[in-house]
Amino acid sequence: MVLYLVSMELITSKPQETKKAARKLALNLKGRKVIALIGDLGSGKTTFVQGLAKGLGIKQRVLSPTFILIKSYPLEKGRVFYHIDLYRFGKAKELEGLGLEEILENPNSVVAIEWAEKLEKLLPTNTVKINLEHLGKERRKIIISSSKS
Ligand code: ADP
Ligand code: MG
């Protein structure tokens, strides 16, 4: 069982605000390296990841990896940022053999996972969980929770 100890909730009223919140989070990861994004289509998961990438210093444009599952971006000091989108995948069984365990275990990776609930069992205990909800056309509720690290 994973106990999420730290939690904060915010409401954004445009995509730029979601990106800004994500950028701030990227600067405060403090050793946490898995960011699990959970929310409906269009709730802002990819938008959030774009902000994260910016905060991590990635200059490249981050697009939705929906059709390619995993996209990687080099970071400083040999580290790598992975953007994973599990939308097209079923639960656990289908995910075997994709090398996700290796990516998650590698101390040099920072990983953002859309539809991360499909992978729940593999997520490390200090995963940062981001729940996104539609409140209106441009309003989103974002709940950030994590165990202490
Ligand atoms: P997901 O990856 O969850 O399917 P996306 O980030 O791809 O979602 O899409 C979110 C869509 O909603 C984008 O078109 C974005 O511009 C729009 N949007 C509107 N308001 C917001 C907001 N407050 N936060 C994030 N995205 C927003
Ligand atoms: Mg997406």
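This short presentation covers the ligand sites, three paired strands and a few loop residues of one structure.

The model is predicted, so local features need pLDDT of at least 70 and side-chain atom pairs count only at pLDDT 80 or more, while totals for chains, interfaces and linings use all residues. Residues are numbered from 1 along each chain as its sequence is written, chains are lettered from A and ligands numbered from 1 in the order in which they are written, and side-chain values use heavy atoms, with hydrogens and water left out.

I begin with ligand 1. Its shell holds 16 residues, and the closest are Thr18, Gly42, Lys45, Thr46 and Thr47; a residue is near a molecule or strand if one of its heavy atoms lies within 4 Å of it. By class, the shell divides into 2 nonpolar, 7 polar and 7 charged residues. Here Ala, Val, Leu, Ile, Met, Phe, Trp, Tyr, Cys and Pro count as nonpolar, Asp, Glu, Lys and Arg as charged, and the others, Gly among them, as polar.

Which helix gives the most to the shell around ligand 1? Helix 2 does, with 3 residues. Helix 1 (15-26) and helix 2 (45-55) each supply at least two residues of that shell. Helices (H or I, at least four residues) and strands (E, at least two) are DSSP runs, numbered from the N terminus.

Three side chains place a polar atom beside an oxygen atom of ligand 1. For Thr47 the distance is 2.6 Å, for Lys45 it is 2.7 Å, and for Arg140 it is 3.1 Å. A polar contact is a pair of N or O atoms within 3.5 Å; within protein, one must be able to donate a hydrogen and the other to accept it, and residues adjacent in sequence count only if both atoms are side-chain atoms. Taken alone, ligand 1 exposes 570 Å², and the protein buries 75% of that. Accessible areas come from the Shrake-Rupley method with a 1.4 Å probe; for residues, only the protein chains shown count as cover.

I turn now to the magnesium ion, ligand 2. Its protein donors are Thr46 (OG1) and Glu114 (OE), lying 2.2 Å from the ion. Thr46 belongs to helix 2 and Glu114 to strand 5 (residues 109-114), so the pair ties together parts that are 68 residues apart in sequence. Donors are N, O and S atoms within 2.8 Å of the metal (3.2 Å for Na, K and Ca); water is not among the atoms, so sites may look incomplete. Are Thr46 and Glu114 buried or exposed? Both are buried, where buried means under 20% relative accessible area, exposed over 50%, and partly exposed in between (1.4 Å probe, protein chains only).

Glu114 leads us to strand 5 itself. Of its residues, 6 of the 6 are buried, so strand 5 is largely enclosed by the rest of the structure. On one side lie Ser109, Val111 and Ile113, and on the other Val110, Ala112 and Glu114. In a regular strand the side chains alternate between the two faces of the sheet.

Strand 5 pairs with strand 2 (residues 34-38) in the parallel sense over 4 bridges, and 6 bridges join it in parallel to strand 4 (residues 80-85). Two strands pair if DSSP finds at least two bridges between them. Against strand 2, Glu114 is the bridge partner of Leu37, and Ala112 stands opposite Ile35. Against strand 4, Ser109 stands opposite Val80.

Strand 2 is likewise covered. In this strand 5 of the 5 residues are buried, so strand 2 is largely enclosed by the rest of the structure. Val34, Ala36 and Ile38 point one way, Ile35 and Leu37 the other way. Strand 2 is also joined to strand 6 (residues 128-134) by 4 bridges, the two running parallel, with Ala36 opposite Lys129.

Finally, the loops. Most residues other than glycine have a negative phi, and most peptide bonds are trans. Lys30, in the loop between helix 1 and strand 2, has a positive phi near 45°; Lys30 is exposed, with a relative accessible area of 65%. Lys77, in the loop between strand 3 (70-74) and strand 4, has a positive phi of about 55° and is exposed at 77% relative accessibility. Ser13, between strand 1 (6-12) and helix 1, is partly exposed at 36%.
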